[in-house]
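Work through the exercises below with the structure open. Try each task before reading its solution.

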Amino acid sequence: MRLNSSTILSILVMALLGCAVWQAEFFLGDYEIYIAKLIFINAILALSLNLIYGFTGLFSLGHAGFIAVGAYVSALCILPPEQKEMMWILEPMIWPFSELFTPFWASVLAGGVVATIFAFFIAVPVLRLGDDYLGIATLGFAEIIRVLIVNATPITNGSLGIKGIPGHATLLICYGWMLFTLIVLARLVFSNYGNVLRCIRDNEIAASVMGINVFWNKVLSFCIGAFFAGVGGALLGSHLSTIDPKMFNFLLTFNVLMFVVAGGLGSLTGSLLGATVITVLLEWLRAIEEPMDIFGLFEIPGIPGMRMVVFSLVLLSIILFRREGIMGTRELTWKRIGAFLRRHKA
């Protein structure tokens with residue numbers, strides 16, 4: 001395969017970022033590493049939802065359910081059998097889950113595969129709906145998954161959740177999975193199949209007249225997005241070391257949707273930028289809730305909840321003045337960067 005200059009530059013940048021991430025664990029503090037890992041995981045979740053909503057036009061509100069499936073499946077795969085025996089106090093864990101133990105990479109893939117299976121059984125009856133009805137139906141299925149997790153105590157430990165999950169999700173591993181997600185989805189959406197998805201998004205009737213199997217292409221897109229949501233959930237569980245059913249409510253889906261909309265529907269680089277900006281902004285705004293000393297002259301007391309007030313105002317500003325998001329439907333390419341630098345130089 002012949003590589004063009006843009007591909008070579010992209011490979012070099014990815015390799016340099018990989019080296020920087022590898023070295024970052026030696027000179028960054030624990031908090032900075034925690035936030036960096038969260039950015040990579042949120043980017044995976046944003047990319048997966050953007051495939052479903054931004055490129056295919058499926059208004060899905062069930063992403064939290066697939067994230068939960070990935071997190072629980074991965075946790076069950078990497079927890080040692082001895083730890084499972086001690087932790088499951090309400091009811092003993094049933095076989096074969098009690099003896100299940102795999103490497104971390106296999107657990108991440110297993111989380112994605114099981115999430116894909118759930119997505120398939122949800123997609124077949126639900127994707128015949130459209131617009132708001134689809135959103136309500138997927139939201140209902142996500143809540144069903146959460147209730148199943150609560151009640152499947154011999155497998156999931158019920159409402160107690162799972163604690164002490166091994167922290168295998170290092171910064172470099174999170175970066176690697178984010179890169180894998182980005183490359184796979186980029187190859188997908190910029191291929192002929194990506195053109196099919198955009199055609200379905202823009203006009204289903206026209207796509208059907210052109211001979212496109214609209215329903216099964218929707219199902220395939222939904223399942224691929226669910227796979228990467230499961231991968232992100234597996235990394236999130238290992239990153240946080242503790243999961244419980246209350247984490248995977250509608251608010252989690254809303255957060256991921258916020259990354260996608262803020263970055264730009266139908267833009268992969270927009271999803272990366274949206275996840276990065278919002279994750280960092282939410283952490284920086286914590287300072288607003290702390291007491292502030294102004295030049296030693298007077299002190300402003302901290303106001304609980306002010307962080308979300310300011311964050312909501314920022315989101316409103318984006319919706320009002322940049323409703324298409326940071327990138328809109330555009331991508332950040334080397335050609336665009338070169339044109340910008342030439343204009344700036346001129």
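Helices here are DSSP runs of H or I with at least four residues, numbered from the N terminus. The model is predicted.

**Exercise 1. Place Asn217 in the fold and list its contacts beyond the local sequence.**

Solution.
Step 1. Find the element. Asn217 sits in helix α11, residues 214-240.
Step 2. Check burial. The cut-off for buried is under 20% relative accessible area. Asn217 has 15%, so it is buried.
Step 3. Set aside neighbours within four places in sequence. Asn217 is then in contact with Tyr193, Val196, Leu197, Ile200 and Ile212.

**Exercise 2. Do the same for Asn42, and state which residues it touches.**

Solution.
Step 1. Asn42 belongs to helix α2, which covers residues 30-55.
Step 2. Its relative accessibility is 11%, so Asn42 counts as buried.
Step 3. Not counting residues up to four places away in sequence, Asn42 touches Phe259, Ala275 and Thr279.

**Exercise 3. Is Leu139 buried, partly exposed or exposed? Find its contacts as well.**

Solution.
Step 1. Leu139 lies in helix α6, residues 131-151.
Step 2. Its relative accessible area is 31%, so Leu139 is partly exposed.
Step 3. With neighbours within four places in sequence left aside, Leu139 contacts Leu61, Gly62 and Phe250.
Step 4. Take Gly62 from that list. Gly62 and Leu139 are 77 residues apart along the chain, yet their C-alpha atoms are separated by 4.7 Å.

**Exercise 4. Explain why Cys174 forms no bond with the closest cysteine sulfur.**

Solution.
Step 1. Search the whole structure: the count of disulfides is 0.
Step 2. Start from Cys77. It is in no disulfide, and the nearest cysteine sulfur, in Cys174, is 17 Å away.
Step 3. Apply the cut-off. A disulfide needs two cysteine sulfur atoms within 2.5 Å. The Cys174 sulfur is 17 Å from that of Cys77, its closest, so the distance is too far for a bond.
Step 4. Add burial. Cys77 has 5% relative accessibility and therefore counts as buried. Cys174 has 0% and is likewise classed as buried.

**Exercise 5. Examine the backbone at Pro96, Asn157 and Ser241.**

Solution.
Step 1. Recall the background. Most residues other than glycine have a negative phi, and most peptide bonds are trans.
Step 2. Inspect the bond between Trp95 and Pro96. It is cis, with omega about 10°. Pro96 is in the loop between α4 (81-87) and α5 (104-126).
Step 3. Turn to Asn157. Its phi is positive, about 70°, although Asn157 is not a glycine. Asn157 is in the loop between α7 (153-156) and β1 (162-163). A relative accessible area of 2% makes Asn157 buried.
Step 4. Turn to Ser241. This non-glycine residue also has a positive phi of about 70°. Ser241 is in the loop between α11 and β2 (242-243). At 27% relative accessibility, Ser241 counts as partly exposed.

**Exercise 6. Test the radius of gyration of the protein chain against that of a compact globule.**

Solution.
Step 1. Count elements: the chain has 15 helices and 4 strands.
Step 2. Compare radii. For 346 residues, a compact globule would be near 20 Å; the chain has 21 Å, which agrees.
Step 3. Look at the contacts with a separation of 6 or more. Residues 24 or more positions apart account for 79% of them.
Step 4. Finish with burial. Of the 346 residues, 45% are buried.

Terms used
Residues are numbered from 1 along each chain as its sequence is written. This is a predicted model: local features need pLDDT of at least 70, side-chain atom pairs count only at pLDDT 80 or more; totals for chains, interfaces and linings use all residues. Side-chain values use heavy atoms; hydrogens and water are left out. Helices (H or I, at least four residues) and strands (E, at least two) are DSSP runs, numbered from the N terminus. The radius of gyration is taken over C-alpha atoms; the globule rule is 2.2 Å times the number of residues to the power 0.38. Buried means under 20% relative accessible area, exposed over 50%, partly exposed in between (1.4 Å probe, protein chains only). Contact means heavy atoms within 4.5 Å.
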